[in-house]
Structure formats: C-alpha cells, structure tokens
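Subject: Handover of a structure

Dear colleague,

Please find below the structure that I am passing on to you. A summary of what was found in it follows.

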Amino acid sequence: MGFGDLKSPAGLQMLNDYLADKSYIEGDVPSQADVAVFEAVSGPPPAALCHALRWCNYIRSYEKEKASLPGVKKALGKYGPANVEDTTESGATDSKDDDDTDLFGSDEEEEREEAKRLREERLAQYESKKAKTPALVAKSSILLDVKPWDDETNMAKLEECVRSIQAEGLVWGSSKLVPVGYGIKKLQVQCVVEDDKVGTDMLEEQITAFDEYVQSMDVAAFNKI
Amino acid sequence: MAAAAELTLLEKSLGLSKGNKYSAQGERQIPVLQTNSGPSLTGLTTIAAHLVKQANKDYLLGSTAEEKAVVQQWLEYRVTRVDGHCSKDDIRAVLKDLNSYLEDKVYLTGYNFTLADILLYYGLHRFIVDLTVQEKEKYLNVSRWFCHIQHCPGIRQHLSSVVFIKNRLYTNSQ
C-alpha cells in the first residue's frame, strides 16, 4: 500500500494511475482517507496527471467539511494500490514509556503485578507482530489456450466466461486472441495462481464447463514464480 | 427501460411515496403525467424535473445558473442522443464523448450530484451492462463515473450492479 513519496513525480504518477478508475481514495464517499492523502500532496498536480488533478480539485471543494468526513485517518502507507511496498513505515509502533517502575513505589505487591502485566502485554504485542508477517506463498504463472468451436464463436463472451471464474488464489492477467487458421482465433490468457489453492485440473474443469463457447483448453506454459 | 418504469424508479430514488400514474403518447411512447391541479406534463425530462421539485430536492437541478444550464444540457443529451438510438456506432460515439467530458469531473456538472447523473445512469445502464472488459477500460472515465453513481444510496434499486474490475489489465488501451 502507499503511493511512495507523494511529493515526488513518481508518487504523483502512482496516485494518478490509482485514481483513474476511482472517485475517492477509499470507498464510495469522501472520507478521512482522502483528507490524509490530500494533505500529503503539496500542491495541485500538473495538468498532465488529469485524474490526480480532478480528485484534488474535488477534495479541495470539501475543505470546510474536512474534519467531519467519515473514517479514521491512518498512516499514509495504508492507502493506495495493494501491491506497492509500504515505504512510509516510520517507527509506527510507538515506543512504550520506560517509566513503568514507580520510583516512589508505594505497594510492592502492586508493583510486581503491574510489571508482570506489562511484560505479558509486551510479549503479546511481539507475538502478534511476528504472526503478521506473511509466509512465503508459492505461486505460478500459467498461460492458457482456450479454443472455440468455430470462427463464428463470440470471443468477447468467451473471454467474459473465462474471467468470471473466481477462486481464492487466482488472479487473471492479460489476454490476447491468436489466430490458428481458417479464421478461428484462440484466446490466450495469463493467470497467476497460488499452488496450494488452485490447480490446472480445476481450471480446466471450470473452463470446459462453458461448452457453449469452449471446445477445449490447454496449458500453453506453466512457470513457477 | 420504458419511460413510465423509469419515472417510477426515479420517484423511489427521490423518496417520493406516492406512485403517479403515467400514460404514454404517440409511437415513441413519450410519458405523460396528469397533475391534480394544472395541465398535463409531457416528456421525460419535464416530468423528472417536476418530480424533483415535488420532492423538495431542487439542488438536484443545479445551484448556480451555469450548473442549471449544464444539467439541462445533459437531460437534453439523454433524450436526443441516448434514447431511441440503438446502433452500436451511436452508442460508441456517446461513450467516447462522455469519456472525454468526464476526464476532469466527478459528476456531470463537476463536483455536485444532480438529476443529470441520475437520468444518464438510467439511460445508459442497458448499454453499460453489455460492455466487455476491454471496452470498460477503454471508456475508463465513464466506468469510473458509472461505478460511482451506482453506489450512491437509493439510485441503483433493482437494476443490476455492473462489475468493474479493480485491477486494470490493458494498460495500453488509453
């Protein structure tokens, strides 16, 4: 998440691309997310980044109601395209105060319990931090060839059918039509799958299920990422 | 969508409880509303504007003089260029116009939601529903606007929600 450095041209370009098909940073109404990103952008973006400029002007018109917009302002690194590394992670976890030992210690028993509780709290925090780091996931990039019945088959509909197949760990990539002769074109589509969640036999089953459009399916290429 | 059905949908979006009875006139089935105290009203945009005033939501017709004019412009556009014309080329021309127009705007009038957005959404719904993934990306601004409008509370109602993929696939189609 995050747009990188929003004061740099690269960061603004990322913001622009992100906003090309969205009206707001998050969700469907203006929120603190928009306020947070707006404040990080130093001035109006150049006219060439038309989506960022559009969004900027729009959020500026909410200047007076800034404080009352819904949501909670989060660190800048929490917004934006999901596949971008969060480079704004600055000591986000606030350093706990070290003065938990009461120097004018009143009750010794109380103190011991307090210190114990704090220790447990810190351990729990450490454990949860460790648990958050995602395990390495094995992924593969598969290139599929989907062949229609004849040259009259509606390839757009065929593509829609293929893309409608949703599964956890499956992400569809780009596709193109490759002619195979006699006017027939096959659909070559890329996808990225997580090995332990999606297999090619499952994909084959689901794609050939659309037997109104699909004659057959082959795996043209299979590469480990 | 038939004009009478659309007007009923608009009534619900505006929060009007009473269902008016609409009749249709002529071979193009132009809607007619018989008001209780006054002349009958003919025409989609005329009746729509009347409903907006009835619902006390005059801001939907525009606040400044320029905004009001822009709202009227798009209402007229809807009736002359979207209704009645079904050829693929006409629709492609409409989408292309809209796409370049919406590049720097969040709503049709700029930054405020108006009746123009509602009626153009209803008018274009049947065409957007049939667009392929590639076409939706080609008319990216229209897709963005359409996705936004269909999420506005009370607007979409029973119309099917059109899916717009989050990650763009064809990065060279600009």
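A strand is a DSSP run of E of at least two residues, and strands are numbered from the N terminus. The model is a predicted one.

In chain A, strand β4 covers residues 214-224 and contains A:Phe222. With a relative accessibility of 42%, A:Phe222 lies between the cut-offs of 20% and 50% and therefore counts as partly exposed. Apart from its neighbours within four places in sequence, A:Phe222 touches A:Ser140, A:Ser141, A:Ile142 and A:Thr200. The last of these, A:Thr200, is 22 residues away along the chain, and its C-alpha atom is 9.6 Å from that of A:Phe222.

In chain B, helix α4 comprises the 14 residues 88-101. At 1.5 Å a residue, α4(B) should span 20 Å, and its end C-alpha atoms are indeed 20 Å apart. Its buried residues are B:Ile91, B:Val94, B:Leu95, B:Leu98 and B:Asn99. Viewed down the axis of α4(B), they fall within an arc of 130 degrees, so they line one face of the helix. On the other side, B:Asp89, B:Lys96 and B:Ser100 are exposed.

The cover over the buried residues of α4(B) includes α3, α5, α6 and α7 of chain B. With α7(B), the packing angle is about 80 degrees and the axes are 7 Å apart; the two helices are therefore roughly perpendicular. B:Leu95, B:Leu98 and B:Asn99 of α4(B) meet B:Leu140, B:Asn141 and B:Val142 of α7(B) in this contact. By class, four of the residues are nonpolar, two are polar and none is charged.

Yours faithfully

Note on methods. Residues numbered from 1 in each chain as written. Chains lettered and ligands numbered in written order. Predicted model: local features only at pLDDT ≥ 70, side-chain atom pairs only at ≥ 80, totals over all residues. Heavy atoms only, no water. Helix = DSSP H or I, 4+ residues; strand = E, 2+ residues; numbered from the N terminus. Expected span 1.5 Å × (residues − 1). Buried < 20%, exposed > 50% of the residue type's maximum accessible area, 1.4 Å probe, protein only. Arc of directions from axis to C-beta. Contact = heavy atoms within 4.5 Å. Axes fitted to C-alpha atoms, helices over the stretch in contact; angles between N-to-C directions. Parallel < 35°, antiparallel > 145°, perpendicular 65-115°, else oblique. Nonpolar A, V, L, I, M, F, W, Y, C, P; charged D, E, K, R; others polar.
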